[in-house]
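Q: I am new to this structure and should be grateful for a close look at one part of it, with attention to its charged side chains.

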Amino acid sequence: MADKIAEKELYDYQEADLKKIFDKFENAPENYNLLYQLPTGGGKTVVFSEIVRRYIEKTGKKVVVLTHRIELCKQTSNMLNGFGVRNKIINSKVKEISDDNEYMCFVAMVETLNNRINEDKVNMKNIGLAIIDEAHYNSFTKLFKYLEKAFILGVTATPLSSNIKLPMHRNYRELIVGNSITSLIDKGFLAKANMFAYDVGLGTLQVGMTGDYTVKSSEDLYTNLDMQEKLLQAYEERCKGKKTLIFNNGINTSWYVYQTFKDAGYEVKHLDNTHNKRERREILKWFKEKPDAILTSVSILTTGFDEPTVENIILNRATKSLTLYYQMIGRGSRKLPNKDYFNVIDLGNNIARFGPWDSPVDWQLIFENPDYFLENMISDEEIESSFTYQMPDDVREMFKNSEDISFDVHTKYHEAVNNGQKSKLVLEESIAQHAQMCIENSEDVFDARILARELKGDIKDRIKKYSRCIINNTKNYRDWLYEDYTRKLRVKINEMFMT
């Protein structure tokens with residue numbers, strides 16, 4: 001064991017978790033599979049690095065730490081060095097371990113290690129402990145057959161498998177739950193999130209084989225002009241002048257975001273997995289050093305990225321992945337002496353789907369019954385049915401002569417049905433009210449018709465509510481209703497000016 005580079009002290013909550021884990025080492029069978037949960041920012045790497053140090057010291061057995069990304073390999077190796085654990089990274093450059101007695105700890109990417117084992121270049125028989133970082137990924141399970149005599153410790157912030165067909169309780173016997181996000185905030189270890197949700201219609205999104213929204217359907221939605229304008233508006237309302245990280249689902253979307261901000265006069269950069277190491281290093285250096293930097297990205301920064309100075313996280317995407325939700329927001333949760341809060345801007349109804357980032361989560365229930373959690377996840381339709389449209393202040397100012405601009409679609413619909421009238425009477429009354437609003441705030445028919453264009457958001461909201469009432473909520477039908485509504489609104493404005 002090498003001398004410690006610097007004495008590392010664990011916090012009380014980390015020591016408490018460490019004690020629970022070592023109790024399992026001592027009392028459970030050698031080949032026991034244990035899972036440990038701790039939120040992003042809680043110091044999982046610190047905890048398992050100290051576990052490695054103490055384990056080798058107590059048992060004299062070797063340890064392998066498995067990761068799924070090269071960046072995590074390097075970070076983990078550096079942390080282990082900081083704890084005085086001499087280790088060797090097994091990467092693509094390491095073709096063979098000639099004298100593995102020189103090292104008591106190895107850090108490896110799962111695919112690389114699997115290849116070296118199959119090539120007979122690495123011997124796993126003398127491994128006493130295997131630690132799996134980001135254990136919710138399923139790529140690690142292929143190595144379990146080589147670790148049958150080892151104690152396996154999986155570590156994750158979210159004990160929910162990335163593959164719904166391979167739940168984590170199949171591979172791990174037990175879950176130890178660490179401190180909650182709220183607890184870590186109260187103790188001063190994590191920053192508190194100010195969360196702002198902007199209602200977004202997700203009816204056009206499609207779910208793929210992975211169980212999450214497809215990149216194509218996401219890009220179709222998030223590259224359209226309305227969504228780009230909503231993103232820019234949200235930034236200017238909540239984030240302007242502060243370091244901002246934007247997450248997208250798709251490279252094209254991220255480039256659209258880049259162009260939108262650039263055209264608006266902001267300094268912004270784009271990052272995705274096609275950038276080489278040098279380009280990535282330069283972009284992240286710029287992002288670190290510029291106080292008001294805007295970086296738009298595609299998933300690449302969800303793990304293995306730590307920039308505490310981030311003050312704004314924008315979720316410019318929707319996801320059905322609880323893990324991804326926590327990973328994205330966690331990029332902004334690092335605490336600094338002058339940073340007690342950070343902002344989360346949600347443009348994908350994610351907060352409504354999963355709950356606030358710091359709300360209590362029953363991880364034991366999710367670990368033991370993932371199907372129950374997934375089956376009871378609130379649907380997009382349910383989320384959108386609770387939307388309350390708020391007319392933007394600048395639009396409301398255009399209709400300042402109209403005292404009442406409200407219209408209760410649901411009440412009007414039920415009144416019509418109960419009176420034996422046709423449901424389309426609701427839309428006719430709505431059109432009449434919108435026409436009256438345009439007339440009250442215009443000098444002539446031409447001004448009124450131009451002003452009617454500003455009602456686009458209000459009209460779409462009323463049509464959405466109406467289409468739900470009549471149980472015909474397809475996009476094609478809503479689009480047809482909108483075109484028909486706006487045409488009839490122009491006609492109604494002309495008629496009312498004539499009388």
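Which helices each supply at least two residues of the negative patch?

A: In this predicted model, the helices that each supply at least two residues of the negative patch are α7 (225–238) and α15 (393–398). The patch lies on the surface and gathers Glu 236, Glu 237, Asp 393, Asp 394 and Glu 454. Glu 236 has its place in helix α7. With a relative accessibility of 40%, Glu 236 counts as partly exposed, because that class lies between 20% and 50%.

Other charged side chains are paired. The count of salt bridges comes to 25. One of them joins Asp 484 and Lys 488, with 3.1 Å from N to O. These two residues stand 4 apart in helix α20 (residues 475–498), so about one helical turn separates them. Asp 484 is buried at 13% relative accessibility, whereas Lys 488 is partly exposed at 35%. Salt bridges with shared partners also join Glu 15, Glu 50, Arg 53, Arg 54 and Glu 57 into one network.

Within that network, Arg 53 forms a salt bridge with Glu 50, and their closest N and O atoms are 2.8 Å apart. Arg 53 and Glu 50 are 3 residues apart in helix α2 (residues 44–59), which means that about one helical turn lies between them. Arg 53 is buried, with a relative accessible area of 13%, and Glu 50 is buried as well, with 4%.

A further salt bridge is formed by the side chains of Glu 429 and Lys 412, at 3.4 Å from N to O. This pair links distant parts of the chain, with Glu 429 in helix α17 (residues 425–440) and Lys 412 in helix α16 (residues 409–418), 17 residues apart. Glu 429 is partly exposed at 33% relative accessibility, and Lys 412 is partly exposed with a relative accessible area of 29%.

Technical notes:
Residues numbered from 1 in each chain as written. Predicted model: local features only at pLDDT ≥ 70, side-chain atom pairs only at ≥ 80, totals over all residues. Heavy atoms only, no water. Patch = residues over 30% accessible without salt bridge, like charges linked within 9 Å, V, L, I, M, F, W, Y side chains within 5 Å. Areas by Shrake-Rupley, 256 points an atom, 1.4 Å probe, with all protein chains shown as cover. Salt bridge = Lys/Arg side-chain N within 4 Å of Asp/Glu carboxyl O. Lys, Arg positive; Asp, Glu negative; His and termini not counted. Charge placed at Lys NZ, Arg CZ, Asp CG, Glu CD. Buried < 20%, exposed > 50% of the residue type's maximum accessible area, 1.4 Å probe, protein only.
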